[in-house]
Structures are given as structure tokens and as C-alpha cells.
Amino acid sequence: MNAVIVDTNVIVIANDTDDKRKDCRDHCQDRIKQIRDQRETVILDDGWRIFEEYKRYVDPNTRKRDGDIFVKRLMQNLRNPKICKMVHIAPLAGNGNKFAEFPNDDEALTGFHKKDQKFIAVALAHKRDAGHTPTILLAIDRGWLQFTDALANHEVNVDIICKKDMQGPRQGRKGR
């Protein structure tokens, strides 16, 4: 079974009601449905950093959008290894955004957004524990683009779901 790490922007876009990003929203919803159909296992950190970020952008108890349903399903299945697996990442001293698993000594990753480093740390922790690196699913965060080659050098693969949106002009950010 394939393992994935879902960047928060996939969930945000899947919940978006703005038709300016309809194609991207449809792609994100399709990927979330694929995960929900148990074709892929979601990898999270056991310190709840990723999950807590998800919860800031959804309302799994009252809303019925795709991202909300996805997060609710994760909440209900945190101990089901067919749906979700947890890995340990070790925070370094400081503000809690730097981790031992992140390739901090790689100059090509200097400037990688500190709040996104947890996703890389989780990917590399899963590689350490399971022997393979999960794919990180990303919707539209252009900040990752300049780092994809450097990440690939560490066997971290990023699947950009909305490539067309990443190449087009920037649109206003909604929710994230």
C-alpha cells in the first residue's frame, strides 16, 4: 500500500468553494477520495503537529466538505495502520519548527519554510522506520518549487496535484 503525507493546502483547496480554482479543487478532492478508498495510508507525526495544523482549517464535526470528511476520518482511525501511521520526529531546540530528521546541513534547503519542515521530517522519519519514503501531496504552495530537486536528493518526492495552477498567475489566498 502506498504511503502519503498530505500537505494542509490539499485539504484547504478540497474545501474551497471558489470556482476560480475549480480544476485544482477537483484534483484535490479526487486525491482525498483515493486516500479515503484506502488506496494510500496517511503518515502523520506522533506529536500531532500536522494533525493540529489540519484542524485549524477544517470543521470535521459539522461541515461535510471533502477536506472536513478526510480529517474526521483520520481522527476516527488514528490507530488503524491501514489508514494512518504515526512516526516520531525529534524537535530541535528553539521554536519547535526544526527537526533532527530534516536535512538541516543541506545548503540547498536553506530558506525552506520553517512551518513546512515537519512534512519533510515526517517523510524522512518514515523512511528511517519503514524503509521507504512516502510521497508528499501538495496542491499550490509555490514556496516548495525551488526545493523539489534538493528534496529529491534526499529521496523525498513531492506530487504537485495542481501543476497548472502553480504555473499560472497568483490568485488571492483563501484560508491559508
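In helix H1 the buried residues are Thr-8, Asn-9, Val-10, Ile-11, Val-12, Ile-13, Ala-14 and Asn-15, and I should say at once that what we have here is a predicted model. That makes eight of the eight residues in this helix, which runs over residues 8-15, so H1 is largely enclosed by the rest of the structure. What do the buried residues of H1 pack against? Their partners are strand E1 (2-6), helix H2 (22-39), helix H3 (49-57), helix H4 (66-76), H5 and E4.

Let me take one of those partners, H4, and go through the geometry with some care. Two packed helices are described by the angle between their axes and the distance between the axes. For H1 and H4 the angle is about 135° and the axes are 6 Å apart. Since an angle counts as roughly antiparallel when it is over 145 degrees and as roughly perpendicular from 65 to 115, H1 and H4 are therefore oblique to each other. On the H1 side the contact is made by Ile-11, Ala-14 and Asn-15, and on the H4 side by Asp-66, Gly-67, Asp-68, Phe-70 and Val-71. Sorted by class, the residues of this contact are four nonpolar, two polar and two charged.

H4 also packs against H3, and here the angle is about 140°, with the axes 10 Å apart. H3 and H4 are therefore oblique to each other as well, and H3 passes H4 in a left-handed crossing. The residues that meet are Phe-51, Tyr-54 and Lys-55 from H3, and Phe-70, Val-71, Leu-74 and Met-75 from H4. In this contact of H3 with H4, six residues are nonpolar, none is polar and one is charged. Some of these names come back when we look at the aromatic rings, where ring pairs link Trp-48, Phe-51, Tyr-54 and Phe-70 into a cluster.

That brings me to the aromatic pairs more generally, of which, with ring centres within 6.5 Å as the criterion, the count comes to six. One of them joins Phe-112 and Trp-144, whose ring centres are 5.0 Å apart and whose planes stand at 80°, so the pair is edge-to-face. Phe-112 belongs to the loop between strand E3 (84-87) and helix H5 (117-130), while Trp-144 belongs to the loop between strand E4 (135-138) and helix H6 (148-152), so this pair ties together parts that are 32 residues apart in sequence. Phe-112 counts as buried at 4% relative accessibility, and Trp-144 is buried too, with a relative accessible area of 1%.

The ring of Phe-112 also pairs with that of Phe-147, where the centres are 5.2 Å apart and the planes are at 80°, so this pair is edge-to-face. Because Phe-112 lies in the loop between E3 and H5 and Phe-147 in the loop between E4 and H6, the pair ties together parts that are 35 residues apart in sequence. Phe-147, like Phe-112, is buried.

Let me finish with Ile-136, which lies in strand E4 and which, at 0% relative accessibility, counts as buried. Which residues does Ile-136 touch, if we leave out those up to four places away in sequence? They are Ile-5, Phe-119, Ile-120, Ala-123, Trp-144, Val-156, Asn-157, Val-158 and Asp-159. As for Phe-70, which we met in the contact of H1 with H4, its C-alpha atom and that of Ile-136 are separated by 16 Å, with the two residues 66 apart along the chain.

Technical notes:
Residues numbered from 1 in each chain as written. Predicted model: local features only at pLDDT ≥ 70, side-chain atom pairs only at ≥ 80, totals over all residues. Heavy atoms only, no water. Phe/Tyr/Trp six-rings, centres within 6.5 Å; stacked < 30°, edge-to-face > 60°. Helix = DSSP H or I, 4+ residues; strand = E, 2+ residues; numbered from the N terminus. Buried < 20%, exposed > 50% of the residue type's maximum accessible area, 1.4 Å probe, protein only. Contact = heavy atoms within 4.5 Å. Axes fitted to C-alpha atoms, helices over the stretch in contact; angles between N-to-C directions. Parallel < 35°, antiparallel > 145°, perpendicular 65-115°, else oblique. Left-handed = near helix turned anticlockwise from the far one by under 90°. Nonpolar A, V, L, I, M, F, W, Y, C, P; charged D, E, K, R; others polar.
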